[in-house]
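Welcome to a short set of exercises on reading a protein model. Have a look at the structure, try each task yourself, and then follow the solution step by step.

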Amino acid sequence: MLNDTARLIRALLMLTMSCFIVISGISQVNYESYILTPAPPLSPVINGPKVYAARANSPITYRIPATGERPILFSATNLPAGITLDVNTGIITGSIPQEGEYICHLTAANKKGKYKRDLKFVIGNTLALTPPMGWNSWYIHYDRVSDPIMRDAADQMIESGMADYGYQYVNIDDCWAVKVNSDDPIIGGKTRKPDGTILTNKRFPNMSAMTKYIHSKGLKAGIYTSPGPSTCAGYTGSYQHEALDAQTIANWGFDFLKYDWCSYGRYAGERKRKDFMLPYQIMWKELQKQPRDIVMNLCQYGFDSVWQWGATVGNSWRTTGDLGVERGDDLPGFYHVGFKNAEHWKYGGPGGWNDPDYILIGWVGSAHTMGEGVYTSLTPDEQYSYMSMWSLMSAPLIFSGDMSKLDKFTLNVLCNSEVIEVDQDPLGKQARIVRKTDKDFILAKEMEDGSLAVGLFNLQKSESPVAVSWEELDITGKRRVRDLWRQKDLNKTNHSFTANAPPHGVMMIRLAKK
Ligand code: GLA
């Protein structure tokens, strides 16, 4: 029960939120003048990861991410046996029976030109060779999530152009199962069939049909459950049903599982490392038995330094509590989550990534009230910092705002091909912390081609210079400097680089030798 003060605080919060919607409606329009990135050319460009991982014989669905005026005609040479390309949609399907590495040559062509790029299929036991990219329902739909919402998100991922930059996972978070002990006819009822098979609530009448729909667009589908008897929002969890739930999730056609600690705490024995690992080991083992690839995301908020062992039982692991409830001070909450996640830079790599949680921009609902979406209160510069930091940290790029209200500014932040390329670099190194003071924060990420991606973040409330020397970056000689947000070459420089960075903003650059 809420006491009077809590009720008053909540009423004030709701009032502030509704005023904010009006104000934010205005700022959203102004944000457009702050778009830094030029529109992509009308001729085709192939984006997204340069490597695709799968296990032998697992079904593959991959839509080649490409910008440019449609129709685009796709072609491929050297495709390994077992997979085929739909030349009109650019969707690759099938399965590859033999383990190994296969480099194929893709071409995208339209009236304006042609673009070629290689894609390497790595068929073996490691998935997620680059950080997963996609969308998750939590911070906008909470316990309102439904089958039509998920289908609509898949539609929007294509129509908005996000998929052309590599976003591909369409993931349901909590609240698809039956709510334990609820008599609500829509979300309550029997939690499992007599044979133990988990049941969905009435908002998800046919999971297989839903994933089929998502796959038909060349996208992938994700789902959520908990090792405890109930999820964080009180829906059925997988406790003592792990094998059956892994099978069901695979039968339904899912490609991704977020496994959220939630109510598991009381079964965690002495809370030693083995106790923290156990529930993830169990589910990981069950997932390996399935005839399809399911990428697993550990969600246990960083317990027991999960970054030290997460890669043995999953493909990514949340390093902190929920970003949506992280308190800001002078700096917004995402900065604090980012600072913590950045410290674990040595542990992220191909197949196992530090996960600082979702990208909360655009229209997002309060996690405190599980509210309806309001337009973000982050300034444009803070949003550039957010996306830059996540990309430099090789974080999964999972947007969790409203897919049906994607404005131009939000899309510009989410879809800069050169920024995403930093995140998706096949070397898979997370940026190291070059400097962290009260005034500035500098991250540097080694790229596969020998270049260095650098983020110079200004933590102050006024525009300030942020400088970095080659000595700090551990490089020498003349470097070509590219401004990644503006996709523009700057002067070549020796010894050091200084940027005038906006309040809480960033200059994100790539330094190349030639
Ligand atoms: C936890 C997770 C969130 C979300 C909710 C769902 O809080 O950290 O990301 O999945 O549970 O209830």
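Two residues are in contact when they have heavy atoms within 4.5 Å. Please keep in mind that this is a predicted model.

**Exercise 1. The chain as a whole**

Task: Describe the fold of the chain, starting from its helices and strands and ending with its contacts.

Solution:
- Step 1. Begin with secondary structure: there are 11 helices and 27 strands in the chain.
- Step 2. Next, take the radius of gyration, which is 23 Å; the globule rule gives 24 Å for 514 residues, so the chain is as compact as a globular protein of that length.
- Step 3. Add the dimensions: the C-alpha trace spans about 70 × 65 × 45 Å along its principal axes.
- Step 4. Look at burial, where 58% of the 514 residues count as buried.
- Step 5. Finish with the contacts between residues at least 6 apart in sequence: 70% of them join residues at least 24 apart.

**Exercise 2. Surface and charge**

Task: Work out what share of the exposed area carbon and sulfur atoms supply, and how far apart the mean positions of the positive and negative charges are.

Solution:
- Step 1. The chain exposes about 21200 Å², and 53% of that comes from carbon and sulfur atoms.
- Step 2. For the charges, the chain has 55 positive and 54 negative ones, with mean positions 3 Å apart.

**Exercise 3. Pairs of opposite charge**

Task: Find how many salt bridges the structure holds, then examine the pairs Glu 101 with Lys 120, Asp 245 with Arg 192 and Asp 322 with Arg 318.

Solution:
- Step 1. Recall the principle: side chains of opposite charge can pair when their charged atoms come close.
- Step 2. The total is 28 salt bridges.
- Step 3. In the pair of Glu 101 and Lys 120, the closest N and O atoms are 3.5 Å apart. Glu 101 sits in strand 8 (residues 100–110) and Lys 120 in strand 9 (residues 113–123), so this bridge ties together parts 19 residues apart in sequence. Glu 101 counts as exposed, at 55% relative accessibility, while Lys 120 is partly exposed at 26%.
- Step 4. Asp 245 and Arg 192 bring their closest N and O atoms to 2.9 Å. Asp 245 belongs to helix 5 (residues 242–252) and Arg 192 to the loop between strand 11 (169–171) and helix 4 (207–216), so the two tie together parts 53 residues apart in sequence. To judge burial, use the cut-off of under 20% relative accessible area: Asp 245, at 1%, is buried, and Arg 192, at 12%, is buried too.
- Step 5. Asp 322 and Arg 318 meet at 2.6 Å, N to O. Asp 322 is partly exposed, with a relative accessible area of 31%, whereas Arg 318 is buried at 3%.
- Step 6. Salt bridges can also be followed as a network, here one that links Glu 270, Lys 272, Lys 274 and Asp 275.

**Exercise 4. The surroundings of one leucine**

Task: Is Leu 127 buried or exposed, and which residues is Leu 127 in contact with beyond its neighbours within four places in sequence?

Solution:
- Step 1. Locate Leu 127 in the loop between strand 9 and strand 10 (133–136).
- Step 2. Its relative accessibility is 9%, so Leu 127 counts as buried.
- Step 3. Leaving those sequence neighbours aside, the contacts of Leu 127 are Ala 53, Ala 54, Arg 55, Asp 293, Ile 294, Val 295, Asn 315 and Gly 351.
- Step 4. As a last check on distance, Leu 127 and Thr 437 are 36 Å apart in space, C-alpha to C-alpha, and 310 residues apart in sequence.

Key:
Residues are numbered from 1 along each chain as its sequence is written. This is a predicted model: local features need pLDDT of at least 70, side-chain atom pairs count only at pLDDT 80 or more; totals for chains, interfaces and linings use all residues. Side-chain values use heavy atoms; hydrogens and water are left out. Helices (H or I, at least four residues) and strands (E, at least two) are DSSP runs, numbered from the N terminus. The radius of gyration is taken over C-alpha atoms; the globule rule is 2.2 Å times the number of residues to the power 0.38. Buried means under 20% relative accessible area, exposed over 50%, partly exposed in between (1.4 Å probe, protein chains only). Accessible areas come from the Shrake-Rupley method with a 1.4 Å probe; for residues, only the protein chains shown count as cover. Lys and Arg count as positive and Asp and Glu as negative; His and the chain ends are not counted. The place of a charge is taken as NZ of Lys, CZ of Arg, CG of Asp or CD of Glu. A salt bridge is a side-chain nitrogen of Lys or Arg within 4 Å of a carboxyl oxygen of Asp or Glu.
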